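User: Please take a close look at one strand of this protein chain and at what surrounds it, and then set that part against the chain as a whole. I would like one connected account with the computed values kept in view.

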Amino acid sequence: QDIQDQTELDVKVQNFLNKNRNRWRDLNIPYSDGKLLYDIIIKNGYTNGVEIGTSTGHSAIWIAWAFSKTGGKLITIVVQEDRYREALANFKEAGVSEFIDARLADAHTLVKELKGPLDFVFSDADKDWYIQYFKDLSPILMNGGCFTAHNVRPESNGRRGMAGTREYLSYVKSLSDYTTTVDNSGGGLAISYKN
């Protein structure tokens, strides 16, 4: 029965993601980055995640779908009420609401109040606050856990990353207790594993 239910959920989520594949706007991630986040969670068996910056829910759907397979749950935070309402409707339509604790709140405040342990974080909110989010959540991120941040690209060929993300990448790469790589196949994803 559980396997059958899971298969039905897979079909429902895939149909939703495929139907909306080219419709995501409003600061959502590209499809390829969603798949990457999903793969990181599945590969590592993560179960306790936080997303900073829900927008209208594309990334949270990918993350929650992965958590549906690992037995996990995602806390996602957004400050805009209209995006929050739209995200809730998207979660319901995709069939992943039970794997998401969506919070309408100011992440600057809420992130400091979160209790651990966490094993997965996805940061995709105000880029100039990335370092602070990292500092707030790193103490409750388990060893082996992963902190990911969106719109991060290393400088190359004279191209510079977004303001705030350059400083963030320099900061996390300087930490001896993290190993950081950047995946540039989509919107630029910094992937930092805690050693």
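The account below starts with the strand, moves to a helix residue in contact with it, and ends with the nonpolar cores.

Analyst: The model is a predicted one, and every value that follows is computed from it. The part chosen here is strand β7, which spans residues 189-194 and is mostly covered, with five of its six residues buried.

Strand β7 pairs with two other strands. With strand β5 (residues 141-150) the pairing is antiparallel and extends over five bridges, and within β7 it is S192 that stands opposite F147. Strand β6 (residues 178-183) also runs antiparallel to β7, and six bridges join these two strands. Two of the residues of β7 can be placed against their partners in this pairing: I191 is the bridge partner of T181, while Y193 is the bridge partner of T179. Strands β6 and β7 form a hairpin with five residues between the strands, and in this hairpin G188 adopts a positive phi near 95 degrees.

I191 and Y193 also lead away from the strands to a helix residue, I40, since both are on its list of contacts beyond four places in sequence, together with Y46, F120, C146 and T148. I40 belongs to helix α2, which covers residues 31-44. Its relative accessible area is 5%, and because buried means under 20%, I40 counts as buried. The contact with T148 joins positions far apart in the sequence: I40 and T148 are 108 residues apart along the chain, yet their C-alpha atoms are separated by 9.8 Å.

Seen across the protein chain, contacts between distant positions make up a substantial part of the total, for among contacts between residues at least 6 apart in sequence, 72% join residues at least 24 apart. The chain has seven helices and seven strands, and along the sequence they follow the pattern α-α-β-α-β-α-β-α-β-α-β-α-β-β. Of its 195 residues, 49% are buried, and its accessible surface comes to about 9,300 Å², with carbon and sulfur atoms accounting for 48% of that area.

In soluble globular proteins, nonpolar side chains tend to be buried together. Here the largest nonpolar core has 34 residues, and the residues with the most contacts inside it are I61, I63, F91, V96 and F120. Strand β7 is among the elements that give two or more residues to this core, as are α2, α3 (58-70) and β4 (118-123). The largest share, eight residues, comes from α3. Apart from this core lies another, of 24 residues, which includes L118, L141, A149 and A190.

F120, already named as a contact of I40, is also touched by I63, whose other contacts beyond four places in sequence are L37, I41, E51, L74 and F122. Three of those names, L37, E51 and F122, return in the contacts of S59, which also include I29 when neighbours within four places in sequence are left aside. S59 lies in helix α3 and is buried, at 2% relative accessibility. Between the side chains of S59 and E51 there is a polar contact of 2.3 Å.

Conventions:
Residues are numbered from 1 along each chain as its sequence is written. This is a predicted model: local features need pLDDT of at least 70, side-chain atom pairs count only at pLDDT 80 or more; totals for chains, interfaces and linings use all residues. Side-chain values use heavy atoms; hydrogens and water are left out. Helices (H or I, at least four residues) and strands (E, at least two) are DSSP runs, numbered from the N terminus. Buried means under 20% relative accessible area, exposed over 50%, partly exposed in between (1.4 Å probe, protein chains only). Contact means heavy atoms within 4.5 Å. Two strands pair if DSSP finds at least two bridges between them. Accessible areas come from the Shrake-Rupley method with a 1.4 Å probe; for residues, only the protein chains shown count as cover. A nonpolar core is a set of buried Ala, Val, Leu, Ile, Met, Phe, Trp, Tyr and Cys residues joined through side-chain atoms within 4.5 Å. A polar contact is a pair of N or O atoms within 3.5 Å; within protein, one must be able to donate a hydrogen and the other to accept it, and residues adjacent in sequence count only if both atoms are side-chain atoms.
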